[in-house]
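Here's a quick briefing to read alongside the coordinates. Pull up the chain, and let's walk through its strands, its core and its surface.

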Amino acid sequence: MLRRVQFHFRYPPFIYGVYDTGDGAIYIFGEQNREIEEVVSHEMLHWVVQKVAGKQASLNLDNIPQELLS
């Protein structure tokens, strides 16, 4: 397992989106709907939570109700 997170930017993409391998390598394909800084921050948060609390806790980050985030 990688000790550091690595971001791989792929242009032009053959698919669009973000793919996290779960091993510290995150692939960003094409233009994103959000600012790239938001995408990188979001994926870094997933990586840190996975390291501290495990994969399921990291996956649950995308399911937090919006009212809890405000």
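What follows is a short tour, topic by topic.

Keep in mind that this is a predicted model. The chain has three helices and three strands, and along the sequence they come in the order β-β-β-α-α-α. Of the 70 residues, 24% are buried.

**How the strands pair**

- Start with β3, since both pairings here involve this strand: β1 (residues 6-10) runs parallel to β3 over five bridges, while β2 (residues 17-20) runs antiparallel to β3, joined by four bridges.
- I28 is a good place to park the view: F9 stands opposite I28, and V18 has I28 as its bridge partner too.
- Another β2 contact to look for is Y19, whose bridge partner in β3 is Y27.
- Is β3 enclosed or open? Four of its five residues are buried, so the strand is largely enclosed by the rest of the structure.

**The turn between β2 and β3**

- The hairpin of β2 and β3 has four residues between the strands, and G22 there takes a positive phi near 85°.
- G24 sits in the loop between β2 and β3, yet G24 counts as buried because its relative accessibility is 1%, under the 20% cut-off.
- From G24, look across to R4: the two are 20 residues apart along the chain, with 6.2 Å between their C-alpha atoms.

**The nonpolar core**

- Which residues make up the largest nonpolar core? There are five: V5, I26, I28, V39 and W47.
- Both β3 (25-29) and α1 supply at least two residues each to this core.
- The general backdrop is familiar: in soluble globular proteins, nonpolar side chains tend to be buried together.
- I28 ties two topics together, being a member of that core and the β3 residue opposite F9.

**Aromatic pairs**

- How many aromatic pairs turn up in a search of the whole structure? The search finds two.
- One of them is F7 with F9, a stacked pair with 6.5 Å centre to centre and 25° between the planes.
- F7 is partly exposed at 22% relative accessible area, and F9 is also partly exposed, with 38%.
- Y27 and F29 form a stacked pair as well, at 6.3 Å centre to centre and 15° between the planes.
- In this pair, Y27 is partly exposed at 23% relative accessibility, whereas F29 counts as buried at 8%.
- Why does F29 get a separate label from its partner? Buried means under 20%, so F29 at 8% qualifies, while Y27 at 23% falls in the partly exposed range.

**Helix α1 and its surroundings**

- Helix α1 spans residues 36-53, and I36 belongs to it.
- I36 is partly exposed, with a relative accessible area of 30%.
- V40 lies in α1 too, and counts as partly exposed at 24% relative accessibility.
- Where does V40 sit relative to F7? The two are 33 residues apart in sequence, and 8.2 Å apart in space from C-alpha to C-alpha.

**Out on the surface**

- F9, Y11 and I36 form a nonpolar patch on the surface, with about 280 Å² of accessible area together.
- F9 is worth a second look here: F9 belongs to this patch, stacks with F7, and stands opposite I28 in β3.
- P12 is in the loop between β1 and β2, and with a relative accessible area of 77% P12 is exposed.
- P12 and E31 are 19 residues apart along the chain, and their C-alpha atoms are separated by 9.1 Å.
- To see the contrast between two loop residues, set exposed P12 at 77% beside buried G24 at 1%.

How values were computed
Residues numbered from 1 in each chain as written. Predicted model: local features only at pLDDT ≥ 70, side-chain atom pairs only at ≥ 80, totals over all residues. Heavy atoms only, no water. Patch = residues over 30% accessible without salt bridge, like charges linked within 9 Å, V, L, I, M, F, W, Y side chains within 5 Å. Areas by Shrake-Rupley, 256 points an atom, 1.4 Å probe, with all protein chains shown as cover. Salt bridge = Lys/Arg side-chain N within 4 Å of Asp/Glu carboxyl O. Buried < 20%, exposed > 50% of the residue type's maximum accessible area, 1.4 Å probe, protein only. Phe/Tyr/Trp six-rings, centres within 6.5 Å; stacked < 30°, edge-to-face > 60°. Core = buried A, V, L, I, M, F, W, Y, C linked by side-chain atoms within 4.5 Å. Pairing = 2+ DSSP bridges.
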